[in-house]
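Subject: the structure I promised you

Hi,

Here is the structure we talked about, with my notes underneath. Have it open while you read and shout if anything is unclear.

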Amino acid sequence: MSLGDLYQEVIMDHYARPRNRGELPAPDVSFELHNPVCGDRIRVQARLEDGRVADVRFSGQGCSISQASASMMTQLVKGKGLADVRGLIERFLAMMKGEAGDYKPLGEAQALQGVARFPVRIKCATLAWHVLEEGLRRHEEGAADGR
Ligand code: ZN
């Protein structure tokens, strides 16, 4: 089995059996974006505790790449500190830009690296990561306002 086949299998597994799919009752972060090119729509919700992502869920619909990527993203960031999470998002976005780097910390999300060769699909793969990035940014701005 080639690495490409293996990666394809990881992507289809996350698509068929998404991790952390659903909604949280009282999320600290809740944000949604869509990718009009493909019709993907993803909402990410997170509960934060002591500077960590205590729990995270995604919902929405779209192509296999967008949904699998959201599943991988939630699996990766769950339980991690916010600084780590930001670093992982940056690392993932760099990988999808085709930059050289060490992507082992991305775990199964490395399976999406090949998508970087298909510019029209990159937005599918990065959607969930942009949602979390922007959701966290807005949460921080809210916190800075004293909420
Ligand atoms: Zn898509």
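Before we get to the helices, one cut-off: angles of 65 to 115 degrees count as roughly perpendicular. Please also keep in mind that this is a predicted model.

Now the helix pair. The axes of helix 1 (residues 3–16) and helix 2 (residues 64–77) cross at roughly 85°, and they come within 8 Å. That angle falls in the range above, so helix 1 and helix 2 are roughly perpendicular to each other. On the helix 1 side, the contact is made by Val-10, Ile-11, Met-12, His-14 and Tyr-15. Helix 2 brings Ser-64, Gln-67, Ala-68, Ser-71, Met-72 and Gln-75 to it. Sorted by class, that contact has six nonpolar and five polar residues, and no charged ones.

Next, the sheet. It is an open one with three strands in the order 1-2-3, paired antiparallel. Strand 1 and strand 3 stand at the edges with a single partner strand each, so each has one side without a neighbour in the sheet. On average, neighbouring strands here are turned by 15° against each other, ignoring direction. Helix 2 packs on this sheet, where it touches strand 2 and strand 3; the direction of helix 2 makes about 170° with that of strand 3.

Going strand by strand:

- Strand 1 (residues 29–35) pairs with strand 2 (residues 40–49) over seven bridges, in the antiparallel sense.
- For strand 1 residues, the partners in strand 2 include Ala-46 opposite Val-29, Gln-45 for Ser-30 and Val-44 for Phe-31.
- The hairpin of strand 1 and strand 2 has four residues between the strands, and Gly-39 in its turn has a positive phi of about 90°.
- Strand 2 and strand 3 (residues 52–61) run antiparallel and are joined by nine bridges. Ala-46 turns up again here, standing opposite Val-56 in strand 3.
- Strand 2 and strand 3 also form a hairpin, with two residues between them; Asp-50 in that turn has a positive phi of about 50°.

Then there is the metal. Which residues coordinate the zinc ion? They are Cys-38, Cys-63 and Cys-124, each through SG, plus Asp-40, which is listed with two OD entries. The coordination distances are 2.2 to 2.7 Å. If you want to find the donors in the sequence, look for the spacing C-x1-D-x22-C-x60-C. Two of these donors sit quite differently in terms of accessibility: Cys-38 is partly exposed, with a relative accessible area of 35%, whereas Asp-40 is buried, at 1%.

One last residue to look at is Arg-41, which is found in strand 2. Is Arg-41 buried or exposed? Neither quite fits: Arg-41 counts as partly exposed, at 34% relative accessibility. Leaving out residues up to four places away in sequence, Arg-41 touches Glu-32, Leu-33, His-34, Ser-59, Gly-60, Gln-61, Gln-67 and Leu-127. Gln-67 is also one of the helix 2 residues in the contact with helix 1. As for Gln-61, its C-alpha atom is separated from that of Arg-41 by 5.5 Å, although the two residues are 20 apart along the chain.

That's what I have for now. Happy to go through it together whenever suits you.

Cheers

Notes. Residues numbered from 1 in each chain as written. Predicted model: local features only at pLDDT ≥ 70, side-chain atom pairs only at ≥ 80, totals over all residues. Heavy atoms only, no water. Axes fitted to C-alpha atoms, helices over the stretch in contact; angles between N-to-C directions. Parallel < 35°, antiparallel > 145°, perpendicular 65-115°, else oblique. Contact = heavy atoms within 4.5 Å. Nonpolar A, V, L, I, M, F, W, Y, C, P; charged D, E, K, R; others polar. Donors = N, O, S within 2.8 Å, 3.2 Å for Na, K, Ca; no water. Buried < 20%, exposed > 50% of the residue type's maximum accessible area, 1.4 Å probe, protein only. Pairing = 2+ DSSP bridges.
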